[in-house]
Amino acid sequence: MGSTCRGRSARTRSRLSARASSNIWFLFFREQNLLTVEQHKALAQNFGEAGVSAYQYEEDEEKVQVFDVNPEKLPTRGSLPFVPFHADLSYLPNRPLGAFLQAHVVPSAGGDTCFASTYATYEGLSPSMRAFLEGLDAYHSLAKQAMQRGVPPPNLLAKLDEHPPAKLPVVHRHPDTGRKFLNVNPIYTTHIDGLHEDESAVLLKFLFDHTTRPEFQVRLHWNVDDIAFWDNCSTQHTPIQDYGGRRRMQRIAVMRRIAETHKADVAA
Ligand SMILES: O=C(O)CCC(=O)C(=O)O
Ligand SMILES: [Fe+2]
């Protein structure tokens, strides 16, 4: 399950360090200090390398992403693009372990983030459907996301060659816990290997819709200073694009140390 911690106590730190050996998929820290970029990087580096991202903006500091939706620059309410549930960079064979996201400016209403447990989405399927999905692979591609934006930004196009589509199990095992999770998402997953195109499209649509069921989710309402940490295998997330004011989020992804990758595959 996920949990919420208040303040900056030792208990908070011990919850975080328990993450790797438990089934916790999501942690939310309230009443924190606003992190500088250096503090934010230091926090992430306790768990792995600070992450890289295909979406880095030129003006962002290295390995930090700032999502700044500012109505003084662009209208917000009603014009923000829908961002469906996703795991970050799922097209990478070694995707980020997770991310730390902190709210620096929040709108007066709205701007929540929903997290779905992919353990729960897998376990919520019937035994027959689970058996059918076992052993299937699906392709995840950065190009899918790039094309959804109409004309892709040049920095993203340049990355397509570096990141060819990855073929990954539809039912994957978590590298730390070995527990099975459902591993498809509408931003990056293009098709299921070995199925006809129409079969794959219908099945993926079902699985994407299945992930949006409220019983698999928590929904976070942000205050300034709050930090969310999510496990990027056992969760997917979606920002709710319903607000009118400014929303500025500072984020650092955490990469899995290479030696840890596929530990569960080896153990299985
Ligand atoms: O802004 C948010 O609520 C989440 C955005 C997101 O998808 C991310 O930080 O990976
Ligand atoms: Fe994301």
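How many bridges join strand β6 to β14, and do the two run parallel or antiparallel? The close-ups below start there.

**Figure 1. Strands β6 and β14 sit side by side in this predicted model.** Let's settle that opening question: 5 bridges join β6, which covers residues 113-117, to β14, and the two strands run antiparallel. For one spot to look at, find S117, which stands opposite T235 in β14. In general, strands of a sheet pair through backbone hydrogen bonds, either parallel or antiparallel.

**Figure 2. Strands β12, β6 and β14 make an open sheet.** Going across this sheet of 3 strands, the order is β12-β6-β14, and the pairing is antiparallel. The edges belong to β12 (217-220) and β14 (235-239), each of which pairs on one side only. From one strand to the next, the twist averages 20°.

**Figure 3. Here's another open sheet, built from β8, β7 and β11.** This one also has 3 strands, in the order β8-β7-β11, with antiparallel pairing. Its edge strands are β8 (166-169) and β11 (189-192), and each pairs on one side only. The twist here averages 35° from one strand to the next. Zoom in on β7 (residues 137-140): 4 bridges join this strand to β8, and the two run antiparallel. If you want one pair to hunt for, D137 has P169 in β8 as its bridge partner.

**Figure 4. Nine residues gather around ligand 1: F67, D88, A99, L101, T113, H237, P239, M249 and R251.** Where does this shell come from? Strands β5 (96-105), β14 and β15 (247-255) each supply at least two of its residues. Sorted by class, the shell has 5 nonpolar, 2 polar and 2 charged residues. You've met β14 already, as an edge strand of the sheet in Figure 2.

**Figure 5. Zooming out, the protein has 8 helices and 15 strands.** Of its 268 residues, 34% count as buried. Look at the contacts with a separation of 6 or more, and 82% of them are between residues 24 or more positions apart.

**Figure 6. Residues 264-268 are a stretch with pLDDT below 50.** Across the whole protein the mean pLDDT is 85, and 82% of the residues reach 70 or more. Over 264-268, though, the value is below 50, and the stretch has 8 contacts in the model beyond near neighbours in sequence. Where pLDDT is low, the predicted coordinates should not be read in detail.

Methods
Residues numbered from 1 in each chain as written. Chains lettered and ligands numbered in written order. Predicted model: local features only at pLDDT ≥ 70, side-chain atom pairs only at ≥ 80, totals over all residues. Pairing = 2+ DSSP bridges. Axes fitted to C-alpha atoms, helices over the stretch in contact; angles between N-to-C directions. Near = placed C-beta within 6 Å. Nonpolar A, V, L, I, M, F, W, Y, C, P; charged D, E, K, R; others polar. pLDDT = per-residue confidence, 0-100. Contact = placed C-beta atoms within 7 Å. Buried ≥ 20, exposed ≤ 12 C-beta atoms within 10 Å, placed from the backbone.
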